[in-house]
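Visitor: I am new to this structure. Could you walk me through it, one question at a time?

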Amino acid sequence: MSVPGCVFSSDLRAVVDDVLGGRAADDSDELWSLVHELGWPGVGTPEDQGGAGGDLADAAELAAGIGRHAAPIPLMETALAGWALAGAGAGAWTEIGDARAAVVRAEAVSAEADGAGVRLCGAAPRVRWPEGLERAVLVLRDDTFTRLAVADAAALLAEPLPSLADDPVVTLRLDGVRLPAGSVVTAPAGLAEQVRVRGDVLAAAALVGAMERACALAGEHVMSRHQFGQPLAKLQAVRHLIADAAVERDIAAAAVAVAIERPGAATAHAARATAGR
């Protein structure tokens, strides 16, 4: 079901649905190979910085597709990680390659020079930890600069946290973790906030995609399911509920569209809050 108000990049919508639609949840490795071959993790990052080009609207369309089809791959997380590294001038895929990656905002974690490398100290609470994650791009924020540290995900201690939605959420224990000096880059202080803003827009777009699919499934259900000798859609109360859901979907989509057209902390956080509600 195509909803015009939920389209952020009309050029990508059809191909996103074609690639992500109808794939089994256990095909994550095959699907990841396919989207990587298509260059999707680099969408939204300039080509001269190692990405595939495109803008935030294109990246949001991919995120919406992930939500719409419940695709079990960390596409938007990896795209955000590459974009962050490109923003630091490190080259988007220098340390990522074809690995599954994610950004970890670790403002409470410090990094100190330790011989030929850097030693981390602290913990990052409530980190979304996608299945099969291979690289973690740690965003270490300071008053005067932002540090990005690329770490092997398998080397980090991730303690699972309870989640009503069975989301893979963890606390990262980073005390004593040592990284080679070459895996840590320094960027302007504002990059940490830019990463947060972009992450909020992509997360909101994914939620909009999920809402769109939920509305489509609900619509199909009330048309096909009969009660009291008629389709559920004939009941006025049911029609009102379906209409209310569609309105909420469109409000969230509009908030994301505004955040794309007028990028900034206020519009991004509003989009995330609206979609989350």
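Visitor: Which residue in β6 is the bridge partner of L138?

Guide: This is a predicted model, so read each answer as a statement about the prediction. Strand β5 covers residues 135-141, and strand β6 covers residues 145-152. The two run antiparallel. Across from L138, the bridge partner in β6 is A149.

Visitor: How many bridges join β5 to β6, and how many residues lie between them in the hairpin?

Guide: The two antiparallel strands are joined by seven bridges. They form a hairpin, and the number of residues between them is three.

Visitor: Which residue of β10 is the bridge partner of T146?

Guide: β6 also pairs with strand β10, residues 184-188. Five bridges join them, and they run antiparallel. One pair there sets F145 opposite P188. For T146, the partner in β10 is A187.

Visitor: In what order do the strands of the four-stranded sheet stand?

Guide: Strands of a sheet pair through backbone hydrogen bonds, either parallel or antiparallel. Here the pairing is mixed, and the sheet is open. The order is β1-β5-β6-β10.

Visitor: Why is one side of β1 and of β10 left without a neighbour in the sheet?

Guide: Look at the edges. β1 and β10 stand there, so one side of each lacks a neighbour in the sheet. From one strand to the next, the twist averages 25°. The reason for the free sides is that each edge strand has a single partner strand.

Visitor: Which strands does α5 touch when it packs on this sheet?

Guide: Two helices deserve a look here. α4 lies across β1, β5 and β6, at about 65° to β1. α5 packs on the sheet too, and its direction makes about 125° with that of β5. The strands α5 touches are β1, β5, β6 and β10.

Visitor: Which strands are at the edges of the three-stranded sheet?

Guide: This open sheet has the order β4-β8-β7, with antiparallel pairing. Each edge strand pairs on one side only. Neighbouring strands are turned by 30° against each other on average, direction ignored. The edge strands are β4 (123-128) and β7 (157-160).

Visitor: What is the bridge partner of A123 in β8?

Guide: β4 and strand β8, residues 169-173, run antiparallel. Four bridges join them. In β8, A123 is matched with R173.

Visitor: Which residue takes a positive phi in the hairpin of β2 and β3?

Guide: Strand β2 (residues 110-114) and strand β3 (residues 117-121) run antiparallel, joined by five bridges. D114 stands opposite G117 in β3. Two residues sit between the strands of this hairpin. The residue with a positive phi, near 65°, is G115.

Visitor: Is E61 buried or exposed?

Guide: E61 is found in helix α3, residues 56-69. Its relative accessibility is 0%. Buried means under 20%. Therefore E61 counts as buried.

Visitor: The backbone nitrogen of which residue lies 2.7 Å from a polar atom of the side chain of E61?

Guide: Leaving out residues up to four places away in sequence, E61 touches several residues, including C6, V7, L12 and R68. F8 and S9 are also among them. The backbone nitrogen at 2.7 Å belongs to F8.

Visitor: With which side chain does the side chain of S9 make a polar contact?

Guide: S9 lies in the segment before α1 (10-20). S9 is buried, with a relative accessible area of 7%. Beyond four places in sequence, it touches A57, D58 and E61. The polar contact, at 2.7 Å, is with D58.

Visitor: Which element supplies the largest share of the lining of the largest pocket?

Guide: About 1,100 Å³ of space lies in this pocket. Its lining has 33 residues, and the closest to its centre are M76, E77, R128, A203 and R272. Elements supplying at least two lining residues include α3, α4, β1, β4 and α7. The largest share, seven residues, comes from α5.

Visitor: How far apart in space are V258 and V201?

Guide: V258 lies in helix α6, residues 236-261. At 29% relative accessibility, V258 counts as partly exposed. In sequence, V258 and V201 are 57 residues apart. In space, C-alpha to C-alpha, the distance is 10.0 Å.

Note on methods
Residues are numbered from 1 along each chain as its sequence is written. This is a predicted model: local features need pLDDT of at least 70, side-chain atom pairs count only at pLDDT 80 or more; totals for chains, interfaces and linings use all residues. Side-chain values use heavy atoms; hydrogens and water are left out. Buried means under 20% relative accessible area, exposed over 50%, partly exposed in between (1.4 Å probe, protein chains only). Two strands pair if DSSP finds at least two bridges between them. Axes are lines fitted to C-alpha atoms, for helices over the stretch in contact, and angles run from 0 to 180 degrees between N-to-C directions. A polar contact is a pair of N or O atoms within 3.5 Å; within protein, one must be able to donate a hydrogen and the other to accept it, and residues adjacent in sequence count only if both atoms are side-chain atoms. Contact means heavy atoms within 4.5 Å. On a 1 Å grid over the protein atoms alone, a cavity is a set of points where a 1.4 Å probe fits but cannot get out, and a pocket is an open set with protein on both sides within 12 Å along at least five of seven lines; lining residues have an atom within 4 Å of a point. Grid points are joined across faces, edges and corners, and a volume is the space filled by probe spheres set on the points.
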